[in-house]
Amino acid sequence: MSVKTHKKGIRDMVDSMEKLVALCKNRGFVYAGSEIYGGLSNTWDYGPLGVELKNNIKKAWMKKMVQENKYNVGIDAAILMNPEVWVTTGHVSTFADPLIDCKECKTRHRADKLIEEWATKHGKDVIADGWTDEETVKYINDNNIVCPVCGKLNFTAIRKFNLMFKTFQGTTEDAKSEIYLRPETAQGIFVNFKNVLRTTRRKLPMGICQQGKAFRNEITPGNFIFRTREFEQMEIEFFCKPGTDLEWHEYWKETCKQFLLALGAHEENIRFRNHTKEELSFYSNATADIEYKFPFGWGEVWGIADRTNYDLSRHMEATKQDLTYTDPETNEKYVPFVIEPSVGVDRLMLMFLCDSYEEEKIAEDDTRVVMHFHPAIAPYKAAVLPLSKKLSEKAIELHKELSKTFMCDYDEAGSIGKRYRREDEIGTPYCITVDFDTLEDNQVTIRDRDTMEQVRIPISEVEEWISKKIEY
RNA sequence: GCAGGUGUAGUUCAAUGGUAGAACCCUAGCCUUCCAAGCUAGCUACGUGGGUUCGAUUCCCACUACCUGCUCCA
């Protein structure tokens, strides 16, 4: 994978998210959700430029992970799944914890754990798991179980935070038709493992790739599009032979990193963080996060986890289906181990927005904002700018032609310098100027956003020239 | 969900118990032959709902949204 870097120069890190959020809103990358109704907490809508950027990132991922990777194939599973899936994964039970807050010291506790801890201390053996809310509250009050932090007995009512969004399938709203919006895309891959293996006639190792929305009722979302309740994931479940998993884990760490670098991310803003033994899920062999240095601190962008054979084994238990793989050469039979590189699209987009942002000081009292997107992900690849409105006809003709191949902007309002700046601010890498000589020699000037260099080439070569530049 | 702060055009800021001004941005016109020129005109705001009041953007309450701290993670 070749690595292209764009102009680094003297570059001010976005010191506050506000500037970026303002730019996003102002130029049509990201708007606050449901704004004219007073908004809806932590929902964001992607505008005309935002959707281009996001789609370009998704396209790039598909290209690198599916099209160019010999092991991988893609699928797109349904958001709605059989609710039993989430029972198997533990999402139903784990996230139905009875939570109470102490009104005195504002700490939060699990009501059942509170009782069990108290019981243990008092030499009793009580399992409060599975009690009704009434039973739990009654037990706490009857036994005068106080807050372990402040020692007072003044709790809120029990609340259950289920991380999953619930809805109903069919027209009746009874418990039987209750289903969930998926809290992760991964399970859509696991339940299709057998289908994909058979229909593609693949051998292991094999990866299944998927992009799609997932929904989580996070208690604390925030930081713009970094953590939202509705988000989009790009996940690979990479199935391999047990014992080779750590090797593949390294392979995917490197592949993911190279992906980011190929799209122009600054290496100094990226780091790996390996999960400690305490952090690892009980079933995981290893997990490494790729973190990015956001204006608000280092944040996880890409999680690369070794999930062992946990998921497939659980699904085998629950469904009694055989999800083992038989090696066609050795006849060896095993439940594949899984490496899961999982990245949030919205986070990735935020990362590239931050990483591309530059506030360039031109004079004492004059700054311009330049978004240094890699041409591959830039919303517009080029803009056609007639030097004068008298040249509109020629310019419109060129714009129409180029638009057949890639997203191309057109602007004839205001001075040429102003238009350059407008394009700089939305990250358009190439500005094509149609001038009066163009009418004579059929050549145009292309200006590079990062280097400010200009080339003059025949109109007939423009499309190929730019197409070459946006390769990745 | 809890605590603290904030809420006036797209943005940054004013003023006011008698419904609001500016700059930048944006739009249109004139002008303009390569990096924010100029001139003219124009568009656009008191988060939402109650209450007090003759009258509320201003005072009070509730809600909502955003920012900052506690939980979780792509």
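How far apart do the C-alpha centres of domain 1 and domain 3 lie? Keep that question in mind while you colour the protein, for the answer comes once the domains have been selected.

Begin with confidence, since this is a predicted model. If you colour chain A by pLDDT, the average is 86, and 90% of the residues score at least 70. Select strand 3 (residues 72-74), where confidence in chain A is highest at a mean of 97, and then strand 6 (residues 159-160), where it is lowest among these elements at 65. Now move to residues 1-14, over which pLDDT stays under 50, although the model has 25 contacts beyond four places in sequence for them. Where pLDDT is low, the predicted coordinates should not be read in detail. For the complex, the predictor gives an ipTM of 0.85 and a pTM of 0.87.

Next, give each domain of chain A its own colour: the assignment places domain 1 at 17-79 + 182-354, domain 2 at 97-160 and domain 3 at 380-469. With domain 1 and domain 3 both selected, you can answer the opening question, because their C-alpha centres lie 37 Å apart, the domain bounds themselves coming from an automatic or database domain assignment.

Now select RNA strand B and the 52 residues that surround it, of which S41, G303, G344, S415 and G417 are the closest. Several elements each supply at least two residues of this surface, including helix 1 (17-27), strand 10 (230-240), strand 13 (297-308) and helix 11 (345-356). Helix 13 gives the most, with 6 residues, and you can find this helix at 416-425. Coloured by residue class, the surface near RNA strand B divides into 15 nonpolar, 20 polar and 17 charged residues.

Finish with three places in the backbone. Most residues other than glycine have a negative phi, and most peptide bonds are trans.

Zoom in first on L204 and P205, which are joined by a cis peptide bond with omega about 0°; P205 lies in the loop between helix 8 (193-200) and strand 9 (206-215).

Go on to F224, in the loop between strand 9 and strand 10, where phi is near 60°, a positive value in a residue other than glycine. Is F224 buried or exposed? F224 counts as buried because 23 other C-beta atoms lie within 10 Å, and the cut-off for buried is 20 or more.

Last, select K320, in the loop between helix 10 (310-319) and strand 14 (325-326), which has a positive phi of about 65° although it is not a glycine. K320 has 7 other C-beta atoms within 10 Å and is therefore exposed, the cut-off for exposed being 12 or fewer.

How values were computed:
Residues numbered from 1 in each chain as written. Chains lettered and ligands numbered in written order. Predicted model: local features only at pLDDT ≥ 70, side-chain atom pairs only at ≥ 80, totals over all residues. pLDDT = per-residue confidence, 0-100. Helix = DSSP H or I, 4+ residues; strand = E, 2+ residues; numbered from the N terminus. Contact = placed C-beta atoms within 7 Å. Near = placed C-beta within 6 Å. Nonpolar A, V, L, I, M, F, W, Y, C, P; charged D, E, K, R; others polar.
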